[in-house]
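Trainee: I have not looked at this one before. Can we go through it together?
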Amino acid sequence: MSLFEQSETGSGPNRSTKKTAGASKPGSLPPPKYSEKDSLFTSDSLDNDNVTSRQEKTPRSTAVSRQSNEWQPSQYWVHIAVLTVFSAITRFYKIGLSNRVIFDEAHHMGFGGKYVNHTFYHDVHPPLAKMLIGLSEALTGFDGSFDFKSGSRFPANVNYTFMRLFNASFGVTLAPMAYATMVSLGCSPNAALLAGLLVCFDNALCTISRFALLDAMLLCFTAMSVLSLAGLYKYRNRPFSAAWFKWLLATGVSLGLVASAKWVGFLAVGLVGLYTLYELYDIFGQQEVGVVSHLWHWVTRVVALVAIPVAIYMLCFVVHFNLLYKSGPGDAEMDSLFQAGLQGSGLQNQPLDVAYGSKITLKSAHPGAGLLHSHTDAYPDGSKQQQITGYSHKDTNNDWIVKKIHGQSFGNTTETIEFVKNGDIVRLVHERTSRNLHSHSVAGHVSKRDWEVSGYGIDGTYPDANDHWRVEVVEELSKNNPERRLRTLATRFRLRHVNQNCVLRATGKSLPQWAWRQAEMVCDRRNHLDENTIWNVENHVNPLLPLAKSGQLKSSFLRNFVRLNLAMARSNNALTPDKDKFDALSSSPQDWPIMRLGMRMCGWEDGEVKFWLIGNPVVWLLSTLAVVLGPIQMLYYVVRRQRGVCDFARQSEWETHLYVSGILWGGWALHYLPFYAMGRVTYQHHYFPALYFAAMYLAYFVEWNGRRIAGTASSPSTRAALLALGIAAIANFLYFAPFTFGFDYPAKDLASRKWFSSWNIYDAAK
């Protein structure tokens, strides 16, 4: 039996007769009395155009919430205004108290400064939120001269207060949007107002919004996404109406923004995706929906919820690349062709076509492997010949001369010069030591299955066929190259050893200390034709050749976009916790819901302004209790329904409960549970998007159960419970306010606020 189906018949051979309406099984609780006025799910909208949604055609469509007399438009906007004022006060109050760079402001304000200076940088997050921080800096007239080192004092010419106010304005929107979300989900004014107050007066959400960090923007865009989804849910029985299209497009835009702020925003994308797939599945089962209409349901959602977010995400990178047009600290994460397009890059003003006699450097496509390198040190075992490694820094030991095979010469004038082409067999001679790039059937030093690569001979003095390599072009990124010449930066190629039939490969491993921990290079005899075997010419010097024309050495946007996102993914994967090092700032997912740890956001000297990141216990602990009890209660009702017990007078009440719980509880689960599977280091602020959903679910859970007990959403007991919860949240916020707004006296003076022994408010030794 489906969760959405009402049991009409008994089970067993002797129980085939239909039950009369409202009847209950012997020994079961009778269904609660129900009236439309008393239903918790009565607020479909404040708009008059929803009256048509009352005309229900099927049991599924009865899940539409009806407009309640309890709602008045003026009341709605009064509540929104009150929450906005409270949010502004809590987010803006004493925001400039500390004139030091706090916590991750060192990173994010620093990245914002890169947009002011237009210098390219690399980070693990998409660019939207950092560009907005850069905008706040530009609006103050910041000249980009301050480097935002952690704990340093802001100079007089840096208006850090405005920068923080700009960022905090995103945090101001959270409480009003939580309220509006609850309204769209059909909750009463009291429950919606409580949700807004819980979000407004949570100390952690407030604190994180008061600094120039990415989290306030991430939370704002997450809140926009769930608000838009709630609006889409409200109009789900009026598809293709103007209101439905409005919320569908708003959902798509919100998803694009949240994904462009931080990759954790894709968890919101997952929530909307699951809701959409279920809704499409539900529509598929409705016989009155024709094939053409069903197709339009798919098309409109693909355009709004896939194409628009992808377009916004890519547009952010278009702006990112256009703003960062100067060479900077992030160059090395991109390929050589991209670097050549940056102002001030050392890769500009080079010859295009590589010729015999050219001096070149070879860059591996494997991130971190760097440039093909050699030095006078020899391998301690194996062939004991000169080491060949990968090195990421500029060094004359990265320079190689392209020559023909032993016994062949080449022209050395502008008239006789010969170009290297696809399929040519060449020698690469190390300029500093005159050793040939060489391989033979000697096992590698870390990767034992592959052949060693070494430096052997003295140019042509000891000719050896194992010095010969064939050029195999893999990809040509330049235009008009009919002869398939090897080109600087633009040609991606492999070097195949002629005798061994293996390919030169960066393994991604490091050699031992005897090779200075540099990258291992081997000749891959198993012929793994992956990115690790691809090379390009990065630097090229040949006085006989003209320099490349402007525009010939330029990478396409799509290539840059893919490359940067792959680099971001690698950097994210590298953020793994170091088991041998204590990190006082990190925490584990199991710590967050129970508030086991707080976090010091700055130095802890007695005379300095200090901030301690901790949540409001009323919000955190009770929301944790709600998200634990909610599924248990849901399972209880599911089991009873499967046994034929009707606990709901109307099918729509149960169905709506599933939908609303799916959005709120599901949003919490999707934003929290994945962190258990992540290998990266985690921090307390990673829980904040999940907390936003948990706070709303707490308000919903209390009122829904109040109605189940009292039979009405507006009973005195339910109102009292909601009021008490709101007052307790505000009282706890004020009690922990010194941690949120900052304090400049010894932390031990706040010892009474150390509710758990694991809280590091002060050092026990002091």
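Mentor: We will take salt bridges, then cysteines, then a helix, some strands and a surface patch.

Mentor: This is a predicted model, where local features need pLDDT of at least 70, side-chain atom pairs count only at pLDDT 80 or more, and totals for chains, interfaces and linings use all residues. Residues are numbered from 1 along each chain as its sequence is written, and side-chain values use heavy atoms, with hydrogens and water left out.

Trainee: Okay, how many salt bridges are there?

Mentor: The count comes to 28 salt bridges. A salt bridge here is a side-chain nitrogen of Lys or Arg within 4 Å of a carboxyl oxygen of Asp or Glu. Side chains of opposite charge can pair when their charged atoms come close.

Trainee: What does lysine 262 pair with?

Mentor: Lysine 262 forms a salt bridge with aspartate 215, and their closest N and O atoms are 3.3 Å apart. Lysine 262 sits in the loop between helix 9 and helix 10 (266–284), while aspartate 215 is in helix 8 (residues 215–234), so the pair ties together parts that are 47 residues apart in sequence. Helices (H or I, at least four residues) and strands (E, at least two) are DSSP runs, numbered from the N terminus.

Trainee: Is lysine 262 buried or exposed?

Mentor: Lysine 262 is buried, and aspartate 215 is buried too. Buried means under 20% relative accessible area, exposed means over 50%, and partly exposed is in between (1.4 Å probe, protein chains only).

Trainee: And what about arginine 526, which residue is its partner?

Mentor: That is aspartate 450, with the closest N and O atoms of the salt bridge 3.4 Å apart. This pair links distant parts of the chain, 76 residues apart: arginine 526 is in the loop between strand 11 (519–524) and strand 12 (535–541), and aspartate 450 is in the loop between strand 6 (436–443) and strand 7 (451–456). Arginine 526 is partly exposed, with a relative accessible area of 39%, whereas aspartate 450 counts as buried at 1%.

Trainee: How far apart in the chain are arginine 600 and aspartate 763?

Mentor: They form a salt bridge, with the closest N and O atoms 2.9 Å apart. Along the chain they are 163 residues apart, with arginine 600 in strand 13 (residues 599–600) and aspartate 763 in the segment after helix 18 (737–741). Arginine 600 counts as buried at 17% relative accessibility, and aspartate 763 as partly exposed at 32%.

Trainee: Which residues are linked in a network of salt bridges?

Mentor: Asp335, Glu475, Arg492, Glu531 and Arg559 are. Two of these names come back when we reach the strands.

Trainee: Switching topic: which cysteines form a disulfide?

Mentor: Cysteine 502 and cysteine 523 do, with their sulfur atoms 2.0 Å apart. The count comes to one disulfide, meaning a pair of cysteine sulfur atoms within 2.5 Å. The torsion about the S-S bond is about 95 degrees, so the disulfide is right-handed. Cysteine 502 is in the loop between strand 9 (491–497) and strand 10 (503–510), and cysteine 523 is in strand 11, 21 residues apart. Both cysteine 502 and cysteine 523 are buried.

Trainee: Why is there no bond between cysteine 200 and cysteine 206?

Mentor: Because the sulfur of cysteine 200 is 7.5 Å from that of cysteine 206, its closest cysteine sulfur, which is too far for a bond. Cysteine 200 is buried at 0% relative accessible area, and cysteine 206 is buried at 0% as well.

Trainee: Back to helix 8. How many of its residues are buried?

Mentor: In helix 8, 19 of the 20 residues are buried, so the helix is largely enclosed by the rest of the structure. Its end C-alpha atoms are 28 Å apart, which agrees with the 28 Å expected for 20 residues. The expected span is 1.5 Å times one less than the number of residues.

Trainee: In what sense do strand 8 and strand 9 pair?

Mentor: Antiparallel, over seven bridges. Strands count as paired if DSSP finds at least two bridges between them. Glutamate 475 has arginine 492, in strand 9, as its bridge partner. Strand 5 (residues 425–430) and strand 8 (residues 469–476) also pair in the antiparallel sense, over two bridges, and isoleucine 425 has arginine 470 as its partner there.

Trainee: Last one: which residues form the nonpolar patch on the surface?

Mentor: Phe240, Phe245, Val292, Leu295, Trp296, Val299 and Val303, with about 630 Å² of accessible area together. Patches are made of residues with over 30% relative accessible area and no salt bridge, with like charges joined within 9 Å and nonpolar side chains (Val, Leu, Ile, Met, Phe, Trp, Tyr) within 5 Å. Accessible areas come from the Shrake-Rupley method with a 1.4 Å probe, and for residues only the protein chains shown count as cover. Helix 11 (residues 291–323) gives the most to the patch, with five residues. Phenylalanine 245 is in helix 9 (residues 242–261) and is partly exposed, at 32% relative accessible area.
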